[in-house]
Amino acid sequence: MSLISAERLAVAYGGRQVLFDIDFSIARGEIVTIVGPNGSGKTSFLRALLGVVVPTQGHVTRAAGLRIGYLPQRLHLDPGLPMPVARFLSLPHRQSRAAIAAVLARVGVPDVARQNMATLSGGQFQRVLLARALLASPDILMLDEPTAGLDQPGVAAFYRLIAEMRAELGCAVLSVSHDLHVVMSASDRVICINGHICCEGAPQVVRDAPEYRALFGLGTGGALALYQHSHDHAHGAECRHAPVPEKVDNA
Amino acid sequence: MLDDFMIRATLAGVAVACATGPLGCFVVWRRMAYFGDATAHAAILGVALALAFQISIFIGTMVVALVMAMIVATLAGRGWAMDTTLGVLAHSALAFGLVAVSFLPAVRVDLTAYLFGDILAVSRFDLGVIAAGSALVLGLMLWRWQALLTATLSEDLAHAAGINPARERMVLTLALAIVVAVALKIVGALLIAALLIIPAAAARNLARGPEAMAVFAVVIGVVSVVGGLQLSLLQDTPSGPSIVVVAAVIFLFATIGATLVQKRLAR
């Protein structure tokens with residue numbers, strides 16, 4: 001049974017169509033990565049699945065009582081709002097001190113409980129967001145560009161952590177990324193979106209290839225994989241829709 | 001005991017400070033300062049309508065403030081330029097209210113009392129209404145606290161947790177309208193927003209968490225009310241502005257103090 005599904009979903013803002021004709025479904029325990037260039041509607045898609053954005057057509061079905069652990073792309077904290085990490089983790093449900101200490105240790109930032117959210121580094125902030133999502137004992141983790149602002153080893157470490165969490169909790173993972181070619185290797189499926197679904201497939205794990213090691217450096221520990229797009233229609237650079245050329249490259 | 005006008009005034013001021021403390025924090029966190037101003041200024045129009053239709057001033061100001069707050073919230077939702085829209089609405093509401101009051105026949109309205117408050121004239125009945133209204137707002141804040149805080153951090157996070165941010169905005173709008181109605185007598189329409197913002201802003205310097213900030217804002221509000229009333233009594237100054245003056249002085253010292261502490265820690 002699918003946790004969330006969308007049928008012929010369309011989303012528009014002020015008459016501008018950002019998503020159309022999206023059929024989607026994610027099963028319990030599945031890891032799905034959505035890739036697409038900036039402005040392709042990835043975030044809108046995630047927000048439509050969450051119920052923040054009301055679709056202009058089609059509909060979204062969420063399993064009854066579905067618990068969602070959501071990591072937003074950005075979280076703007078007003079400087080007027082003092083927010084220690086431990087307090088943030090207790091929103092919207094109060095958590096015990098022990099539970100907070102345990103989850104912070106699990107995501108690899110054991111010492112930040114008393115720190116203000118505003119003083120965290122980018123990597124620490126992502127991990128605290130993940131900790132908060134985990135406290136909801138989620139059926140599904142939804143990550144919007146979780147690795148933006150992290151360097152390559154940071155990205156690999158974060159993806160490894162997500163894969164471990166999935167193994168421990170058995171939750172599904174739906175992750176959105178603007179990186180078209182390098183995805184989380186644990187992904188069961190990769191879906192390329194640009195207004196509509198362009199293509200869908202499994203990532204190629206190439207961690208043993210020497211070229212790959214040269215390109216991404218050591219220490220990624222196989223957390224990353226390449227995704228080979230196979231569009232039945234042509235795209236220009238960066239996956240923008242372009243006039244069909246004579247020879248279709250394999251993007 | 002309630003026969004003494006100073007005691008009635010102090011109790012009324014303390015009650016309002018208990019409501020404006022936590023609500024003022026949300027006004028600061030959500031950057032609703034101008035929103036509060038627009039709602040408060042609309043109260044003068046409420047006074048004019050209440051006098052014209054001979055209904056309770058509390059009811060009149062609360063209804064008009066609520067309508068105003070809902071107009072502003074709706075326009076904000078439609079993506080209007082808020083700075084300009086709020087500027088237009090806040091000043092228009094005040095101007096329409098002042099003009100409307102001048103039309104009232106045979107009623108000599110003491111405008112100063114509504115613009116700057118008349119806390120020393122709080123009656124037993126007023127005190128009852130002010131205490132009830134403040135308790136209602138404080139209760140609303142406590143009841144919705146976790147959801148309000150989550151929705152203030154991020155509307156998307158709230159949605160994912162099954163909280164409807166639109167409903168939480170409505171809670172704040174309603175609380176703001178009630179506060180405007182009960183605080184009109186304390187500091188007047190022109191300074192209600194000051195009573196919301198200044199104690200919360202001062203508390204920001206002292207607090208490490210949101211709850212502590214709300215508690216500090218209440219304490220600072222209470223001290224401002226008591227201090228302002230004494231100032232008013234001793235120096236014969238207008239009471240509403242005196243309360244805000246004390247709050248502003250506390251804000252100044254809190255900010256200077258926090259800056260000095262930070263500098264010492266940085267060294």
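**Chain A, burial and contacts**

I began with burial in chain A: of its 251 residues, 41% count as buried. I am working from a predicted model, and I keep that in mind throughout. Next I looked up how the contacts of chain A spread along the sequence. Taking contacts between residues at least 6 apart in sequence, I find that 69% join residues at least 24 apart. For secondary structure, I noted six helices and 11 strands in chain A.

**The six-stranded sheet of chain A**

I then traced an open sheet of six strands in chain A, and its order reads S5-S6-S7-S3-S9-S10. The pairing in this sheet is mixed. Which strands form the edges? I found S5 (68–71) and S10 (196–201) of chain A there, each pairing on one side only. I also checked the turn between neighbouring strands, which is 15 degrees on average with direction ignored.

At the S10(A) edge, I followed the pairing with strand S9 (residues 189–194) of chain A: five bridges join the two strands, and they run antiparallel. One detail I liked here is that Asn194(A) has His196(A) of S10(A) as its bridge partner.

At the other edge, I looked for a helix over the strands. Helix H4 (residues 122–135) of chain A lies across S5 and S6 (140–144) of chain A. Relative to S5(A), H4(A) runs at about 170 degrees.

**Two helices of chain B**

I moved on to chain B, where helix H1 (residues 5–29) packs with helix H6 (residues 124–153) at an angle of about 20 degrees, with axes 9 Å apart. Angles under 35 degrees count as roughly parallel, so I wrote H1(B) down as roughly parallel to H6(B). Their crossing is left-handed.

Who makes the contact? From H1(B) I listed, among them, Leu11(B), Ala15(B), Leu23(B), Phe26(B) and Trp29(B). From H6(B) the residues include Leu127(B), Ile130(B), Val137(B), Leu138(B) and Met141(B). By class, I have 17 nonpolar, two polar and three charged residues in this contact.

**Where the chains touch**

Last, I turned to the contact between the chains, which takes 21 residues from chain B and 17 residues from chain A. On the chain B side, H1, H6, H7 (155–160) and H10 (210–235) each supply at least two residues. Which element gives the largest share of that side? I found that H6(B) does, with five residues. So much for location; by class, the chain B side divides into 12 nonpolar, five polar and four charged residues. My closing note is that H6(B) appears twice in these entries: it packs with H1(B), and it supplies residues to the side that touches chain A.

Notes
Residues are numbered from 1 along each chain as its sequence is written. Chains are lettered from A and ligands numbered from 1 in the order in which they are written. This is a predicted model: local features need pLDDT of at least 70, side-chain atom pairs count only at pLDDT 80 or more; totals for chains, interfaces and linings use all residues. Helices (H or I, at least four residues) and strands (E, at least two) are DSSP runs, numbered from the N terminus. A residue is buried if 20 or more other C-beta atoms lie within 10 Å of its own, exposed if 12 or fewer, and partly exposed in between; C-beta atoms are placed from the backbone. Two residues are in contact if their C-beta atoms, placed from the backbone, lie within 7 Å. Axes are lines fitted to C-alpha atoms, for helices over the stretch in contact, and angles run from 0 to 180 degrees between N-to-C directions. Angles under 35 degrees count as roughly parallel, over 145 as roughly antiparallel, 65 to 115 as roughly perpendicular and the rest as oblique. A crossing is left-handed if the near helix is turned anticlockwise from the far one by less than a right angle, and right-handed if clockwise. Ala, Val, Leu, Ile, Met, Phe, Trp, Tyr, Cys and Pro count as nonpolar, Asp, Glu, Lys and Arg as charged, and the others, Gly among them, as polar. Two strands pair if DSSP finds at least two bridges between them.
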